[in-house]
Amino acid sequence: MRWTALPFFLIASAAAAEPWTCEFTVECIVGEGCGASGFEVEVIAADHEGQLFLSAVTGDSPVTRLTEGGTLPATYASAGRDGLAELLTIEADATAMMSVHIFDGSAQAVTYFGTCEVLE
């Protein structure tokens with residue numbers, strides 16, 4: 001019985017691990033409202049040390065996983081790159097929310113809503 005449970009555990013862990021690809025279909029800008037979006041990001045291990053990065057058209061940011069590895073929800077955060085702070089949360093049902101705070105002048109915030117899936 002112990003051995004039959006092991007494969008299920010491994011499958012569950014793989015479903016909650018990096019890398020992720022996320023597509024956000026709604027964008028809400030503070031003070032301006034919400035609209036359609038086509039913003040995409042990936043959470044990838046892009047170096048030999050296994051450091052995680054949030055990769056988007058705006059560039060790559062080192063991120064830290066704030067939640068326990070192999071579990072959902074998964075939350076990642078970065079701060080400091082070109083006046084940006086990013087927080088991404090992926091829920092157990094694959095829905096996702098990402099907030100971007102811009103602090104290199106007048107402060108701004110954008111929140112994205114969409115879904116993520118594990119890259120294979």
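**Exercise 1.** In which sense do strand β1 and strand β8 pair, and over how many bridges?

Solution. The model examined here is predicted.
- Step 1: locate the two strands; β1 covers residues 20-29 and β8 covers residues 108-118.
- Step 2: read the pairing; β1 and β8 are antiparallel and share nine bridges.
- Step 3: check one position; C28 has T111 in β8 as its bridge partner.

**Exercise 2.** Find how β7 is connected to β8, and describe their pairing.

Solution.
- Step 1: locate β7, which spans residues 95-102.
- Step 2: follow the chain onward; five residues lead from β7 to β8 in a hairpin.
- Step 3: count the bridges; β7 and β8 run antiparallel and are joined by eight.
- Step 4: take one pair as a check; M97 is bridged to F113 in β8.
- Step 5: combine the results; β8 pairs with β1 and is also joined by bridges to β7.

**Exercise 3.** How many residues lie between β3 and β4 in their hairpin?

Solution.
- Step 1: place the strands; β3 holds residues 52-56 and β4 holds residues 59-65.
- Step 2: look between them; the hairpin has two residues there.
- Step 3: add the pairing; five bridges link β3 and β4 in the antiparallel sense.
- Step 4: check one position; the partner of S55 in β4 is D60.

**Exercise 4.** Describe the protein chain as a whole, from its elements to its burial.

Solution.
- Step 1: count the elements; the chain has one helix and eight strands.
- Step 2: put them in order; the pattern along the sequence is α-β-β-β-β-β-β-β-β.
- Step 3: turn to burial; 33% of the 120 residues count as buried, with under 20% relative accessible area as the cut-off.
- Step 4: state the accessible surface; it is about 7,300 Å², and carbon and sulfur atoms contribute 60% of it.

Notes:
Residues numbered from 1 in each chain as written. Predicted model: local features only at pLDDT ≥ 70, side-chain atom pairs only at ≥ 80, totals over all residues. Heavy atoms only, no water. Pairing = 2+ DSSP bridges. Helix = DSSP H or I, 4+ residues; strand = E, 2+ residues; numbered from the N terminus. Buried < 20%, exposed > 50% of the residue type's maximum accessible area, 1.4 Å probe, protein only. Areas by Shrake-Rupley, 256 points an atom, 1.4 Å probe, with all protein chains shown as cover.
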